[in-house]
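Please report on the fold of this chain and on how its charged side chains are placed. Start with the strand pairing, then move to the details.

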Amino acid sequence: MEEELISVVIPAYNKPEMLANTLQSVLRQTHKNLEIIVVDDGSEIDLLSIIEQFKDVRISYFKLKHKNANVARNYGIQQSKGQYVAMLDADDEWLENHLKNCLITIQKEKSDGLHGSLIIKEYNSDNQS
């Protein structure tokens with residue numbers, strides 16, 4: 001059985017170093033059938049060169065005039081082709097099995113979607129909650 005296509009929509013504004021980390025976390029996912037849609041909300045810094053470094057055909061890039069992250073998210077959803085859409089901000093990262101676990105939960109619960117998951121790691125500590 002083929003894995004469901006998941007569209008990952010990432011609104012971005014400046015902060016290229018954070019975007020690179022975010023993209024790495026998506027590309028490390030155990031669920032591999034992905035399209036990654038980066039929507040640049042009018043950055044004043046070149047983000048396209050960061051994306052091109054990955055050389056991954058699953059990553060699409062769109063640049064809009066600066067409005068806000070919600071406009072960028074909505075635009076990304078309009079471009080998506082996946083059975084599911086996952087939202088990720090350009091300054092966040094996922095654990096490697098995040099999308100796989102989300103799909104398992106959606107299928108187990110027979111739900112249409114899922115929202116939320118968070119690990120908070122305290123500074124100078126290994127405690128996670």
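Which residue in E3 does Asp41 stand opposite? Asp41 stands opposite Leu64. The model behind this answer is predicted.

**Overall fold**

The chain holds four helices and four strands. Along the sequence they follow the pattern β-α-β-α-β-α-β-α. Of the 129 residues in the chain, 39% are buried. Contacts over long stretches of sequence are well represented: among contacts with a separation of 6 or more, 71% join residues 24 or more positions apart.

**The sheet**

The four strands form an open sheet. Their order is E3-E2-E1-E4, and the pairing is parallel. Strand E3 (59–64) and strand E4 (84–87) are the edge strands, each pairing on one side only. From one strand to the next, the twist averages 20 degrees. Strand E2 covers residues 34–41. E2 and E3 pair in the parallel sense over six bridges.

**Asp41, a buried acid**

Asp41 belongs to strand E2. Is there a salt bridge for this residue, or none? There is none, although Asp41 is buried. The nearest side chain of opposite charge is that of Lys67, 8.2 Å away. A salt bridge needs a nitrogen and a carboxyl oxygen within 4 Å.

What does the side chain of Asp41 have close by instead? Two backbone nitrogens lie there. The backbone nitrogen of Lys67 is 2.9 Å from a polar atom of the Asp41 side chain. For the backbone nitrogen of Asn68, the distance to a polar atom of that side chain is 3.3 Å. Lys67 thus appears twice: its backbone nitrogen is at 2.9 Å, while its side chain is 8.2 Å away.

The contacts of Asp41 were counted without residues up to four places away in sequence. They include Leu64, Lys65, His66, Lys67 and Asn68. Ala69 and Ala72 are also touched. So are Ala12 and Tyr13.

**Salt bridges**

How many salt bridges does the model contain? The count comes to two.

| Acid | Base | Closest N to O distance |
|---|---|---|
| Asp56 | Arg58 | 2.9 Å |
| Asp89 | Arg73 | 2.7 Å |

Asp89 lies in the loop between E4 and helix H4 (98–109), and Arg73 lies in helix H3 (residues 69–79), so their salt bridge ties together parts that are 16 residues apart in sequence. Asp89 is partly exposed, with a relative accessible area of 29%. Arg73 is buried, at 19%. The cut-off for buried is under 20%. In the other pair, Arg58 is partly exposed, with a relative accessible area of 23%.

**Gly76 in helix H3**

Helix H3 also holds Gly76. Is Gly76 buried or exposed? Gly76 counts as buried, because its relative accessibility is 0%. Leaving aside neighbours within four places in sequence, Gly76 is in contact with Val9, Ile37 and Val39. Ile37 and Val39 fall within the range of strand E2, residues 34–41. Gly76 and Ile36 are 40 residues apart in sequence, and their C-alpha atoms are 9.4 Å apart in space.

Definitions and conventions: Residues are numbered from 1 along each chain as its sequence is written. This is a predicted model: local features need pLDDT of at least 70, side-chain atom pairs count only at pLDDT 80 or more; totals for chains, interfaces and linings use all residues. Side-chain values use heavy atoms; hydrogens and water are left out. Two strands pair if DSSP finds at least two bridges between them. Helices (H or I, at least four residues) and strands (E, at least two) are DSSP runs, numbered from the N terminus. Axes are lines fitted to C-alpha atoms, for helices over the stretch in contact, and angles run from 0 to 180 degrees between N-to-C directions. Buried means under 20% relative accessible area, exposed over 50%, partly exposed in between (1.4 Å probe, protein chains only). Lys and Arg count as positive and Asp and Glu as negative; His and the chain ends are not counted. A polar contact is a pair of N or O atoms within 3.5 Å; within protein, one must be able to donate a hydrogen and the other to accept it, and residues adjacent in sequence count only if both atoms are side-chain atoms. Contact means heavy atoms within 4.5 Å.
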